[in-house]
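User: I want the reasoning behind the labels, not just the labels. Please take me through this structure.

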Amino acid sequence: MKKLKNYTGYSLNRKNYNRASREVDIYVNEQLPSKQIIINSDVEAIAITIKDKVEIIFCNIYLPNQKHFLANGIIKIISQLPTPLIFMGDTIAHNSYNRL
């Protein structure tokens, strides 16, 4: 994970891969109180909470086109997180998730 001045980085490294390693990252300005939320998932995902005036949850996912998965994986992640939630990620156009 790259270090960025004035930012706290949260990272999840890919567990299994057949090519160059990839990770899922979220960077937060260090002036904002933040912490990682542990999620149980087979999908590569990381979640954090940022609390300023209100608490907001951010979840970032990576879905490579080589890995088959079911929408239930996404639902499982969302069900573990409180709201308000901002859900984002790299879902690669080839992935079946984009055809739900």
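Analyst: Start with Gly9. Leaving out residues up to four places away in sequence, Gly9 touches Met1, Ile26 and Tyr27. This is a predicted model.

User: What makes Met1, Ile26 and Tyr27 count as contacts of Gly9?

Analyst: The test is heavy atoms within 4.5 Å. Met1, Ile26 and Tyr27 pass it with Gly9. For Tyr27 there is also a C-alpha to C-alpha value: 4.5 Å in space, at 18 residues apart in sequence.

User: Why is Gly9 called partly exposed?

Analyst: Its relative accessible area is 33%. Buried means under 20%, exposed means over 50%, and partly exposed is in between. Therefore 33% makes Gly9 partly exposed.

User: Which strand holds Gly9, and how does that strand run against S2?

Analyst: Gly9 is in strand S1. S1 covers residues 7-13 and runs antiparallel to S2.

User: How do you know that S1 and S2 pair?

Analyst: Pairing needs at least two bridges. S1 and S2 have 7 bridges, so they pair. Tyr10, for one, stands opposite Ile26 in S2.

User: What makes the side chains of S2 alternating?

Analyst: They point to two faces in turn along residues 23-29. Val24, Ile26 and Val28 share one face and are buried. Glu23, Asp25, Tyr27 and Asn29 point to the other face and are not buried.

User: What is odd about Asn6, and why is it called partly exposed?

Analyst: Its phi is near 70°, a positive value in a residue other than glycine. Asn6 sits in the segment before S1. Its relative accessible area is 39%, which lies between the 20% and 50% cut-offs, so Asn6 is partly exposed.

User: Now the open sheet. What is the strand order?

Analyst: The order is S3-S4-S5-S6, with mixed pairing. From one strand to the next, the twist averages 25°.

User: Why are S3 and S6 called edge strands?

Analyst: Each has a single partner strand, so one side of each lacks a neighbour in the sheet. S3 spans 34-37 and S6 spans 85-90.

User: How do you know that S5 and S6 pair?

Analyst: At least two bridges are required. S5 (residues 55-62) and S6 have 6 bridges, so the pair qualifies. The two run parallel. Within this part of the sheet, Ile57 stands opposite Leu85 in S6.

User: Where does helix H1 lie?

Analyst: H1, residues 71-79, lies across S4, S5 and S6. Against S6 it runs at about 145°.

User: Why is Thr49 called buried?

Analyst: Its relative accessibility is 5%. That is under the 20% cut-off, so Thr49 counts as buried. Thr49 lies in strand S4.

User: What makes the Thr49 to Glu55 pair a polar contact?

Analyst: The limit for such an N or O pair is 3.5 Å. The side chains of Thr49 and Glu55 come to 2.8 Å, so the distance is within the limit. Outside its neighbours within four places in sequence, Thr49 is in contact with several residues, including Pro33, Ile37 and Ile56.

User: Is Ser41 buried or exposed, and why?

Analyst: Buried. Its relative accessible area is 12%, under 20%, so the label holds. Ser41 lies in the loop between S3 and S4. Its side chain reaches the backbone nitrogen of Val43 at 2.8 Å.

User: What makes a set of residues a nonpolar core here, and how many residues are in the largest one?

Analyst: Members are buried, of nonpolar core types, and joined through side-chain atoms within 4.5 Å. The largest core has 12 residues, among them Ile37, Ala47, Ile57, Cys59, Ile74 and Leu81. S4, S5 and H1 each give two or more residues to this core. S5 supplies the largest share, 3 residues. A second, separate core has 9 residues and includes Tyr10, Ile46, Ile48 and Phe58.

User: Which residues does Leu81 touch?

Analyst: Setting aside residues up to four places away in sequence, Leu81 touches Ile37, Ile39, Ala47, Ile57 and Cys59.

User: How do you know that the bond from Thr83 to Pro84 is cis?

Analyst: Its omega is near 0°. Pro84 sits in the loop between H1 and S6.

User: What is the overall pattern?

Analyst: Along the sequence it reads β-β-β-β-β-α-β. That comes to 1 helix and 6 strands. Of the 100 residues, 31% count as buried.

Methods: Residues are numbered from 1 along each chain as its sequence is written. This is a predicted model: local features need pLDDT of at least 70, side-chain atom pairs count only at pLDDT 80 or more; totals for chains, interfaces and linings use all residues. Side-chain values use heavy atoms; hydrogens and water are left out. Helices (H or I, at least four residues) and strands (E, at least two) are DSSP runs, numbered from the N terminus. Axes are lines fitted to C-alpha atoms, for helices over the stretch in contact, and angles run from 0 to 180 degrees between N-to-C directions. Buried means under 20% relative accessible area, exposed over 50%, partly exposed in between (1.4 Å probe, protein chains only). A polar contact is a pair of N or O atoms within 3.5 Å; within protein, one must be able to donate a hydrogen and the other to accept it, and residues adjacent in sequence count only if both atoms are side-chain atoms.
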